[in-house]
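Reader: I have a new structure open on my screen and would like to talk it through. Could you take my questions one at a time?

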Amino acid sequence: MTRIHADIDALKELHHALVRFRCAQRDMVDQGDDRIEATRASLEAKAGRWQSRLEQARAELGACQFRAAQAAAGEDRPVDCSGYAGAVSEAEERLERIRLWQYRVDQEASEFRGIAIRFRNLLEIDLPRTEGHLLALIASLDGARRVQAPGS
């Protein structure tokens, strides 16, 4: 095999590598989007569960405080509502942490998406254009290879 044949074959392999790279990288960007959405959904579900716990804990605290007020008015034994107050506090803290994580994920996702859009444009616009140019170059070299030199 002559040097020009090896060079053309190498260019063909480069073209195939570019196509594989583009497809693999497109899949990676899609996976990144999928993971962001899964994280958002997970945080939203957790926020919903803790919001429900908070509402339940507030209702239980309110009921306890009502019993405590009745006990105080009737000079009964005092009612301790500290456990219910602790449950409300814990639910509020957990919900606040989840909201902070949601905000942070949204911020990071926004930054990722900006970069991902530019990268996707590279994959969908620039790289196919380069592949087309490379194919044209390969076709031209193949054509030149078939042309016999005068007197050969």
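**Contacts and cores**

Author: Gladly, and please keep in mind that this is a predicted model. A good place to begin is Leu95: setting aside neighbours within four places in sequence, Leu95 is in contact with Ala47, Trp50, Gln51 and Leu54.

Reader: Which helix supplies the largest share of the largest nonpolar core?

Author: The largest nonpolar core has 13 residues, and Trp50, Leu54, Val88, Leu95 and Ile98 have the most contacts inside it. Helix 1 (3-73) and helix 2 (82-146) each supply at least two residues of this core. The largest share, seven residues, comes from helix 1.

Reader: How many residues are in the second, separate core?

Author: Among the members of that second core are Leu123, Leu127, Leu134 and Ile138. Its full count is six residues.

Reader: Where does helix 2 bend?

Author: Helix 2 has 65 residues and reaches 91 Å from its first C-alpha to its last. That is close to the 96 Å expected at 1.5 Å a residue. Still, helix 2 has a bend of about 35°, and the place is Leu122.

Reader: Is Glu131 buried or exposed?

Author: Glu131 has its place in helix 2. Not counting residues up to four places away in sequence, Glu131 touches His15, Leu18, Val19 and Arg22. Buried means under 20% relative accessible area. Because the relative accessibility of Glu131 is 6%, this residue counts as buried.

Conventions
Residues are numbered from 1 along each chain as its sequence is written. This is a predicted model: local features need pLDDT of at least 70, side-chain atom pairs count only at pLDDT 80 or more; totals for chains, interfaces and linings use all residues. Side-chain values use heavy atoms; hydrogens and water are left out. A nonpolar core is a set of buried Ala, Val, Leu, Ile, Met, Phe, Trp, Tyr and Cys residues joined through side-chain atoms within 4.5 Å. Buried means under 20% relative accessible area, exposed over 50%, partly exposed in between (1.4 Å probe, protein chains only). Helices (H or I, at least four residues) and strands (E, at least two) are DSSP runs, numbered from the N terminus. Contact means heavy atoms within 4.5 Å. The expected span of a helix is 1.5 Å times one less than its number of residues. The bend at a residue is the angle between axes fitted to the seven residues ending there and the seven starting there.
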